[in-house]
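Hi,

Here is the structure I promised to send over. Have a look at it first, and then read on for what turned up.

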Amino acid sequence: MRSFAELAASRREWIEHVLRPWCARAERRELERAELDWADIAGRVDPQATLWFWAWGRFPALVHEGIAGVDETVSVRLRLRDGSTVAGYPDNRLTRAGRLVLLTDAGESEPISIDDIAGVEKVGG
């Protein structure tokens with residue numbers, strides 16, 4: 001690399017083609033480990049707006065490109081790996097470290113690990 005422009009382009013390419021896809025596939029434990037060194041890995045950026053946003057992006061129904069974190073505006077139905085389902089509105093404030101909290105008819109759900117979610121579909125909006 002000869003110029004700063006080439007260096008910056010290389011970094012952007014690495015983030016887009018290596019780091020972001022890794023976030024979309026990694027297990028929660030690995031994501032938590034990455035969060036500890038996120039400033040060294042990704043630069044001075046908020047892990048909620050990058051690491052966790054990209055991780056939740058494996059379920060497109062949970063994210064919206066203009067919103068950091070999970071999208072609270074649309075009700076979703078989660079299909080869990082054990083075959084059960086739960087529906088409600090994601091609560092971005094309570095969703096932390098790869099554990100999603102939904103606001104359901106019965107109140108707040110228990111935190112649900114990103115690893116336990118098999119699929120997500122929008123049920124409103």
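Let's start with helix 2. Its buried residues pack against helix 1 (4-25), helix 3 (38-42), helix 4 (51-56), strand 3 (99-100) and strand 6 (112-113). Please keep in mind that this is a predicted model.

Which residues of helix 2 are buried? In this helix, which covers residues 28-36, they are R28, L31 and A34. Looking down the axis of helix 2, you will find these buried residues within an arc of 115°, so they line one face of the helix. The general idea behind this is worth remembering: an α-helix has 3.6 residues a turn, so residues three or four places apart point the same way. On the face of helix 2 turned away from the buried side, you will see R29, R33 and L36, which are exposed.

Now for the salt bridges. How many are there? The count comes to 7, and I will walk you through some of them.

A good one to begin with is the pair R20 and E16, whose closest N and O atoms are 3.9 Å apart. That is within the 4 Å cut-off for a salt bridge. Both residues sit in helix 1, and because they are 4 residues apart there, about one helical turn separates them. R20 is partly exposed, with a relative accessible area of 24%, and E16 also counts as partly exposed, at 41% relative accessibility.

R20 has another partner as well: its side chain meets that of E65 in a salt bridge of 3.0 Å, N to O. What does this pair tie together? E65 lies in the loop between helix 4 and strand 1 (76-80), while R20 is in helix 1, so the bridge links parts that are 45 residues apart in sequence. E65 is exposed, with a relative accessible area of 60%.

Helix 2 comes back into the picture with the next pair, as the side chains of R99 and E32 form a salt bridge (3.6 Å, N to O). R99 belongs to strand 3 and E32 to helix 2, so this pair ties together parts that are 67 residues apart in sequence. Both are partly exposed: R99 has 31% relative accessibility, and E32 has a relative accessible area of 26%.

One last thing to look for on your screen: E16, R20 and E65 are joined into one network by salt bridges that share partners. Try finding R20 first, then follow its bridges to E16 and to E65.

Happy exploring!

Notes
Residues numbered from 1 in each chain as written. Predicted model: local features only at pLDDT ≥ 70, side-chain atom pairs only at ≥ 80, totals over all residues. Heavy atoms only, no water. Buried < 20%, exposed > 50% of the residue type's maximum accessible area, 1.4 Å probe, protein only. Helix = DSSP H or I, 4+ residues; strand = E, 2+ residues; numbered from the N terminus. Arc of directions from axis to C-beta. Contact = heavy atoms within 4.5 Å.
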